[in-house]
Amino acid sequence: MPRKSTYPTSTDQSSLCLQYLGRCGGSARLCSINFSLSVIQMLVNQRKVKITNTGAGFYVQLEESK
């Protein structure tokens, strides 16, 4: 019988990242997020979040839902 992995999958991490951003008001500084860059990149590729440069740092923001 195959053993179940104890490591969280990237989809679990991406949903946690989206929940985190929702609790932070929709945006957070990129340097303060404790999720891997591959998870953030996957969310950007799926057009669920966007990265903006405010001049004072990079922010990860939830995309506007239509």
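1. Two strands count as paired here if DSSP finds at least two bridges between them. On that basis, β2 and β3 form a hairpin with 4 residues between them. Gly55 sits in the turn and has a positive phi of about 90°. The model is predicted, and every value in this note is to be read as computed from it.

2. Overall make-up. The protein has 2 helices and 3 strands, and along the sequence these follow the pattern α-β-α-β-β. Of its 66 residues, 20% count as buried. The exposed area is about 5,200 Å², of which carbon and sulfur atoms supply 53%. Among contacts between residues at least 6 apart in sequence, 45% join residues at least 24 apart.

3. Sheet layout. In what order do the 3 strands lie in the sheet? The order is β1-β3-β2, in an open sheet with antiparallel pairing. The edge strands are β1 and β2, each of which pairs on one side only. From one strand to the next, the twist averages 25°. As a general matter, strands of a sheet pair through backbone hydrogen bonds, either parallel or antiparallel.

4. Strand pairs. Strand β1 covers residues 27-29 and strand β3 residues 58-62; the two pair in the antiparallel sense over 3 bridges. Within this pair, Arg29 stands opposite Tyr59 of β3. Strand β2, residues 49-53, is joined to β3 by 5 bridges, and these two strands also run antiparallel. On the β2 side, the bridge partner of Lys50 in β3 is Gln61, Ile51 stands opposite Val60, and Thr52 stands opposite Tyr59. Tyr59 therefore has a listed partner in each edge strand, given that pairing is counted by DSSP bridges: Arg29 and Thr52.

5. Helix against sheet. Helix α2 lies across β2 and β3. The angle between α2 and β2 is about 105°.

6. Nonpolar core. The largest nonpolar core has 10 residues: Cys17, Leu21, Ala28, Ile33, Phe35, Val39, Ile40, Leu43, Val49 and Val60. The elements that give two or more residues to this core are α1 and α2 (37-45). Which of the elements gives the most to this core? Helix α2 does, with 3 residues. In soluble globular proteins, nonpolar side chains tend to be buried together. Val60, a member of this core, is the β3 residue that stands opposite Ile51.

7. Helix α1 and its contacts. Ser14 lies in α1, which spans residues 10-23. Is Ser14 buried or exposed? Ser14 counts as buried, because its relative accessibility is 9% and the cut-off for buried is under 20%. Outside its neighbours within four places in sequence, Ser14 is in contact with Val39, Met42 and Leu43. Among these, Val39 and Leu43 belong to the largest nonpolar core. Cys17, itself a core member, is in contact with Phe35, Val39 and Leu43 when its neighbours within four places are left aside. Val39 and Leu43 thus appear in the contact lists of both Ser14 and Cys17.

8. Tyr20. This residue also lies in helix α1. Tyr20 has a relative accessible area of 24% and so is partly exposed. Leaving aside neighbours within four places in sequence, the contacts of Tyr20 are Ala28, Ser32, Ile33 and Phe35. Ala28, Ile33 and Phe35 are members of the largest nonpolar core. Between Tyr20 and Ile33 there are 13 positions in sequence and, from C-alpha to C-alpha, 8.9 Å in space.

9. Cysteines. How many disulfides does the model contain? The count comes to 0. Cys24 is in no disulfide: the nearest cysteine sulfur, that of Cys17, is 9.4 Å away, whereas a disulfide requires a pair of sulfur atoms within 2.5 Å. Exposure of Cys24 and Cys31 is as follows. Cys24 is partly exposed because its relative accessible area is 35%. Cys31 counts as exposed, at 66% relative accessibility. Cys17, by contrast, is listed in the largest nonpolar core.

Terms used:
Residues are numbered from 1 along each chain as its sequence is written. This is a predicted model: local features need pLDDT of at least 70, side-chain atom pairs count only at pLDDT 80 or more; totals for chains, interfaces and linings use all residues. Side-chain values use heavy atoms; hydrogens and water are left out. Buried means under 20% relative accessible area, exposed over 50%, partly exposed in between (1.4 Å probe, protein chains only). Contact means heavy atoms within 4.5 Å. A nonpolar core is a set of buried Ala, Val, Leu, Ile, Met, Phe, Trp, Tyr and Cys residues joined through side-chain atoms within 4.5 Å. Accessible areas come from the Shrake-Rupley method with a 1.4 Å probe; for residues, only the protein chains shown count as cover. Axes are lines fitted to C-alpha atoms, for helices over the stretch in contact, and angles run from 0 to 180 degrees between N-to-C directions.
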